[in-house]
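Biologist: Before I rely on the terms used for this structure, could you take me through what each one rests on?

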Amino acid sequence: MSEEEELTYADAGVDIDASEAATAALVGAVSDIDNTTDYAGLLDIGDQYLALATDGVGTKLLVAEAMGDYSTVGIDCIAMNANDLVASGVKPVAFVDYLAVEEPSEEFSEQVGEGLAAGADEANMALVGGETAVMPDVISGLDLAGACAGLAPKDAIFPGEAEVGDLLVGFESSGIHSNGLTLARKAATKNHDYTDDFPLGEGTVGEQLLEPTRLYTSLLPELRERDVHAAAHVTGGGWTNLLRMGEHRYEITDPFPVQQIFEFIRTEGNVSDEEMHRTFNMGTGFVVALPEEDAESLVEATDGKIIGSVSEGDHVEIRGLSLD
């Protein structure tokens, strides 16, 4: 690839459109799912819903492997699941993990377990065990995923549809979280090793990439006290995740600042601004759509801020970009 060519997520090995089509095909084949949100499956158990979500850490594990540091990936695994439940209005209550390894290692298993315990403690939910599978013919290195169970009164589930006139309250991310690492790794290692000093800030390149995903579970009590119409966990697909809140125009006028890790990826990989915003959270990890009065009171009660508004349309406008 020449210096002039732009690196994209598809070039790095992940085609978002193909991935979404494959996911849609899988969901379409499961005909008996009646109650779902964009982030969780819901099971009617009487006066409330039992909600389930599942996700993994992805290729962030390759950075952990290269650094010999698995202490934070358990937090990522917890957060990627628990945050999805929060986006539906559900309180996470229990988590079960699945660790698949090429060969067993007490050292990295202990580190993964400590991260899982730390994440579960922060999310205030039970870690109820899991499974470790040794599969040398299937796994190269390791893979870590999990499933999260949550509970919600039926009237606590967010409708899932933003309304024209809503304001958008955003909450800052802790960095790259656990999405887009296939692109991030390609860009970061083009001219650097993971152990190199990070040129735009503290620590090493690898340590910047391993910064654990922020948990948004502490926001749920405040969200439930307000008329939240919809929420978006900004993960794979970047800012296009806001379109999961309904077909509207989401105008982002005051997003959180972009952390230096994103600027590093953009410049090292010669990644376009549009591709960056279609792949990464770019500083804002969670967004809520709700009426103006509730938005203002939510900001007063949390560390969120009003980042934009909802109007008629079918795209996301942010930093001079139009994403659909």
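Modeller: Let us begin with strand S2 (residues 48–56) and strand S5 (residues 142–153), which are joined by 9 bridges and run antiparallel. The model is predicted, so local features need pLDDT of at least 70 and side-chain atom pairs count only at pLDDT 80 or more, while totals for chains, interfaces and linings use all residues. Residues are numbered from 1 along each chain as its sequence is written, and side-chain values use heavy atoms, with hydrogens and water left out.

Biologist: What makes S2 and S5 a pair?

Modeller: Two strands pair if DSSP finds at least two bridges between them, and S2 and S5 have 9, so the definition is met. One of the facing positions is Ala-53, whose bridge partner in S5 is Cys-148. Strands themselves are DSSP runs of E with at least two residues, and helices are runs of H or I with at least four, both numbered from the N terminus.

Biologist: Why are S1 and S4 said to stand at the edges?

Modeller: The open sheet has 5 strands in the order S1-S2-S5-S3-S4, with mixed pairing. Strand S1 (41–44) and strand S4 (126–134) each have a single partner strand, so one side of each is left without a neighbour in the sheet. From one strand to the next, the twist averages 20°, angles being taken from 0 to 180 degrees between N-to-C directions of lines fitted to C-alpha atoms, for helices over the stretch in contact.

Biologist: Why is His-229 called buried?

Modeller: Buried means under 20% relative accessible area, exposed over 50% and partly exposed in between, with a 1.4 Å probe and protein chains only. His-229 has 6% relative accessibility, and therefore counts as buried. His-229 lies in the loop between helix H8 (220–224) and strand S7 (230–233), and touches residues including Phe-158, Glu-161, Asp-166 and Pro-291, where residues up to four places away in sequence are not counted; contact here means heavy atoms within 4.5 Å.

Biologist: How do you know that the side chains of S8 alternate?

Modeller: Along strand S8 (residues 249–252), Tyr-250 and Ile-252 point to one face and are buried, whereas Arg-249 and Glu-251 point to the other and are not. S8 is joined by 4 bridges to strand S10 (residues 305–311), running antiparallel, and by 4 bridges to strand S11 (residues 315–318), running parallel. Arg-249 stands opposite Ser-311 in S10 and opposite His-315 in S11.
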